[in-house]
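Please open the structure in your viewer and keep the selection tool at hand. This tour proceeds stop by stop, stating at each one what to select and what is found there.

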Number of protein chains: 2
Amino acid sequence: MSDSYPCFAVTVDLVVLTIRDEELMVLLVNRGQPPFRGDLALPGGFVHPDEGLVEAAARELAEETGIAVGSMHLEQLASYGDPGRDPRQRVVTVAYLAMTPALPDPRPGSDADGASWLPAGAAARRPLAFDHQRILADGVERARAKLEYTPLATVFCPPEFTIAQLRRVYEIAWGRSLDPRNFHRKVTGTPGFVLPVDRSTAGTRGRPAQMYRRGLATRLHPPLLRED
Amino acid sequence: MSDSYPCFAVTVDLVVLTIRDEELMVLLVNRGQPPFRGDLALPGGFVHPDEGLVEAAARELAEETGIAVGSMHLEQLASYGDPGRDPRQRVVTVAYLAMTPALPDPRPGSDADGASWLPAGAAARRPLAFDHQRILADGVERARAKLEYTPLATVFCPPEFTIAQLRRVYEIAWGRSLDPRNFHRKVTGTPGFVLPVDRSTAGTRGRPAQMYRRGLATRLHPPLLRED
DNA sequence: TCAATAGTGTCTGTAAGACAGTATTGT
DNA sequence: ACAATACTGTCTTACAGACACTATTGA
């Protein structure tokens, strides 16, 4: 029942997604040491002995991106522990999914040096270190799916945004265009999705747009489904 | 980046759900050793050094219930690794969710001795060993949620079942009654949910019912939502 | 004035909830 | 016959998709 206590290494790895330059992007790092030296990998690292899993994920995220976790969404994705996924030793990794508004480029010389934003779709189809290709694919799919039934699309937007900006999030994440008028009606009609603020855009071509911030809802009723 | 390789124990724990006696039930074991000796706990145990996580979950499931995993649904739930969740040492557990048709009682004298089925709702509100109360609550909520948008309710049914049996699964899991006529129309009208077989019930009061088996769909479109 | 974007109204098809009504069995 | 359960049809309402139309700005 509990005869042996084998020793495992435990890591956290992060799928950090954002929308930049009209594309869904993922934060990847260049591995400086073997194994997989020179390959791209998800940011992550070993969990410290007296540290919780979320704390480890938040710490690694702050180390790699240089920003605090407070402003971004962070949730557990899944764990991966196939024997042989790390050639050195048995490692179980707990993957986390983070979603954030567009960030400036990682500054060279900072802890985040060597990290860069790459298009998520393309990255999920190229080899990455360890089983990170699989983890990335799972993370992208989770994010896409959660846009359907949660208001999480707002975490890709700045604190105040327009309905059109929010719509672009869906269009980019799902790779399909949405009718602006129906989307507007749907979003403003779903209680708790967005809250209007007393401000409008200015200096843009066309009629100024009402600005909104995140509402308090955690689930969308009814959901905003992507398929036909 | 990778200075220390702290040593963790890794376990798998199982939330095994079924429907028995018109109730959602969970398989719990009595802990025979400290810590939490005498308390109820989820079945589970240490992952072997050369064993994958799913393999470990399937092995523990077979050991505790005495049946092969082949006939039941098994999916990863989440991982739990707060420092101090096990008073002996640092343990990270990967929890799995299993769903199965009604099984006979665990036979005394078998490996599954000491295991028993308890109502899941009540068990999720009573103290269990470690953080198993939280894991159980997460598992029950995951199962309830997945009934909405997947055909997983069928894994609680025998290989061949009637629409009324399937409806009871939803009613028991969600704690609300569903209109038999609308449910019938919805289920038979969702492609890939159920497939009719050339058989009917007999010996029952009332008109015999057509029997069905699981379809090939993995998601329900549109979903079968529980809230109003 | 025109182009562009924001936002509203309207129509139509689909599907869910409510529930009347028909079908087929055991008692 | 009657009760019980299976199944079908109909009505109403809600909502998604399509798209005409109005509103408000910059060029």
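A residue is called buried when its relative accessible area is under 20%, exposed when that area is over 50%, and partly exposed in between. Please note also that this is a predicted model.

**Stop 1: a salt bridge between two loops of chain B**

Select Arg85(B), which counts as buried because its relative accessibility is 8%. Then add Asp131(B): the two side chains meet in a salt bridge, with N and O 2.8 Å apart. Arg85(B) belongs to the loop between β5 (73–80) and β6 (91–99) of chain B, and Asp131(B) to the loop between α2 (120–123) and α3 (132–149) of chain B, so the pair ties together parts that are 46 residues apart in sequence. Side chains of opposite charge can pair in this manner when their charged atoms come close.

**Stop 2: a strand residue in chain B**

Select Thr162(B), which is located in strand β8 (residues 161–162) of chain B. Is Thr162(B) buried or exposed? Its relative accessible area is 7%, so Thr162(B) is buried. Apart from its neighbours within four places in sequence, its contacts are Thr201(B), Ala209(B), Gln210(B) and Met211(B).

**Stop 3: salt bridges in chain A**

Over all chains, the count of salt bridges comes to 32. Select Arg226(A) together with Glu141(A), whose side chains form one of them, at 3.0 Å from N to O. Arg226(A) lies in the segment after β10 (210–214) of chain A, whereas Glu141(A) lies in helix α3 (residues 132–149) of chain A; the pair therefore ties together parts that are 85 residues apart in sequence. Arg226(A) is buried, at 19% relative accessible area, while Glu141(A) is partly exposed, at 40%.

Next, select Asp86(A) and Arg88(A), which form a salt bridge whose closest N and O atoms are 2.7 Å apart. Asp86(A) is buried, with a relative accessible area of 5%, and Arg88(A) is partly exposed, with 37%. Finally in this chain, select Glu22(A), Arg167(A), Arg168(A) and Glu171(A), which are linked in a network of salt bridges.

**Stop 4: the interface of chain A and chain B**

Colour the two protein chains separately and turn to the place where they meet. How many residues does each chain bring to the contact? Chain A brings 37 residues and chain B brings 36 residues. The area buried between chain A and chain B is about 3,000 Å², with 58% of it given by carbon and sulfur atoms.

Two salt bridges are found across this interface. To see a salt bridge between the chains, select Glu148(B) and Arg219(A), whose side chains meet with N and O 3.9 Å apart. Ten residue pairs are in polar contact between chain A and chain B, counting those with both residues at pLDDT 80 or more. On the side of chain A that touches chain B, at least two residues come from each of β1 (9–20), β4 (44–46), α1 (53–65), β5 (73–80) and β6 (91–99) of chain A. β5(A) gives the largest share of that side, four residues. By class, that side of chain A holds 18 nonpolar, eleven polar and eight charged residues.

**Stop 5: DNA strand C**

Select DNA strand C and the 21 residues that surround it; the closest are Arg181(A), Gln210(A), Arg181(B), Asn182(B) and Lys186(B). Of the strand C atoms within 4 Å of the protein, sugar or phosphate accounts for 62%, and the rest belong to bases. Zoom in on Asn182(B), where a polar side-chain atom is 2.8 Å from a base nitrogen of DNA strand C. At Arg207(A), a polar backbone atom is 3.2 Å from a base oxygen of DNA strand C. α5 of chain A and α5 of chain B are the elements that give two or more residues to the surface near this strand, and α5(B) gives the largest share, four residues.

**Stop 6: DNA strand D**

Select DNA strand D, which has 20 residues around it, with Arg181(A), Asn182(A), Lys186(A), Arg181(B) and Gln210(B) nearest. Sugar and phosphate make up 60% of the strand D atoms that come within 4 Å of the protein. Select Arg185(A), where a polar side-chain atom is 3.2 Å from a base nitrogen of DNA strand D. Then compare Arg207(B), where a backbone N or O atom is 3.2 Å from a base oxygen of DNA strand D. The surface near DNA strand D receives the most from α5(A), with four residues. By class, this surface has five nonpolar, six polar and nine charged residues.

Methods
Residues are numbered from 1 along each chain as its sequence is written. Chains are lettered from A and ligands numbered from 1 in the order in which they are written. This is a predicted model: local features need pLDDT of at least 70, side-chain atom pairs count only at pLDDT 80 or more; totals for chains, interfaces and linings use all residues. Side-chain values use heavy atoms; hydrogens and water are left out. A residue is near a molecule or strand if one of its heavy atoms lies within 4 Å of it. A polar contact is a pair of N or O atoms within 3.5 Å; within protein, one must be able to donate a hydrogen and the other to accept it, and residues adjacent in sequence count only if both atoms are side-chain atoms. Ala, Val, Leu, Ile, Met, Phe, Trp, Tyr, Cys and Pro count as nonpolar, Asp, Glu, Lys and Arg as charged, and the others, Gly among them, as polar. Contact means heavy atoms within 4.5 Å. Buried area is the accessible area (1.4 Å probe) that two parts lose on being put together, summed over both. A salt bridge is a side-chain nitrogen of Lys or Arg within 4 Å of a carboxyl oxygen of Asp or Glu. Buried means under 20% relative accessible area, exposed over 50%, partly exposed in between (1.4 Å probe, protein chains only).
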